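These are my notebook entries on the cysteine links of one chain, written down in the order in which I looked things up.

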Amino acid sequence: QVQFVESGGDWVQPGGTLTLSCSASGPVEKFAAIAWFRQLPGKDREGVSVITPNGSRTNYANAVRGRFRTSKYNTGNTVYLRISALRPEDTGRYFCAYCAVGAFTPGEELCTRPWAWGQGTQVTVSS
């Protein structure tokens with residue numbers, strides 16, 4: 001069974017930068033987009049970014065555009081999420097998932113029918 005393993009979460013002060021990683025365990029899906037999601041305290045899980053399997057195209061939720069950057073090497077199966085200018089409201093658990101359909105037009109739902117969820121990695125932003 002394919003499942004992502006996320007890492008890199010930490011406690012950071014406001015304004016700091018953090019890079020999260022996720023890698024798929026099990027057979028790699030070569031043709032599926034990969035999305036990062038987050039679940040903030042008391043809220044539903046929300047998609048924040050999506051990237052094509054070869055890393056050539058990305059898209060972001062409007063709420064994080066400009067501060068979040070996702071990347072992936074074409075030949076690897078690790079996806080990164082770099083978060084800059086961290087805010088206390090970024091505190092939450094961050095997850096990766098494959099997408100049955102990834103959307104690369106701003107404003108569209110980033111990831112449809114996500115699957116292969118991992119356990120997530122915790123990001124805490126406070127002073």
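Is the link of cysteine 99 and cysteine 111 left-handed or right-handed? I found it to be left-handed, with -115° about the S-S bond. I note that this is a predicted model, in which local features need pLDDT of at least 70 and side-chain atom pairs count only at pLDDT 80 or more, while totals for chains, interfaces and linings use all residues. Residues are numbered from 1 along each chain as its sequence is written, and side-chain values use heavy atoms, with hydrogens and water left out.

Entry on the pair 99 and 111. I looked up the sulfur atoms of cysteine 99 and cysteine 111, which are 2.1 Å apart and form a disulfide, a term for a pair of cysteine sulfur atoms within 2.5 Å. Cysteine 99 counts as buried because its relative accessibility is 3%, where buried means under 20% relative accessible area with a 1.4 Å probe, protein chains only. Cysteine 111 is buried as well, with a relative accessible area of 6%.

Entry on the pair 22 and 96. I then turned to cysteine 22 and cysteine 96, which form a disulfide with their sulfur atoms 2.0 Å apart. Their link is left-handed, with -80° about the S-S bond. This pair links distant parts of the chain, since cysteine 22 lies in strand 3 (residues 18-25) and cysteine 96 in strand 9 (residues 92-102), 74 residues apart; strands are DSSP runs of E, at least two residues, numbered from the N terminus. Both cysteine 22 and cysteine 96 are buried.

Entry on the whole. My search of the whole structure gave 2 disulfides, and with bonded cysteines counted along the chain they follow the pattern 1-2, 3-4.

How values were computed: Helices (H or I, at least four residues) and strands (E, at least two) are DSSP runs, numbered from the N terminus. Buried means under 20% relative accessible area, exposed over 50%, partly exposed in between (1.4 Å probe, protein chains only).
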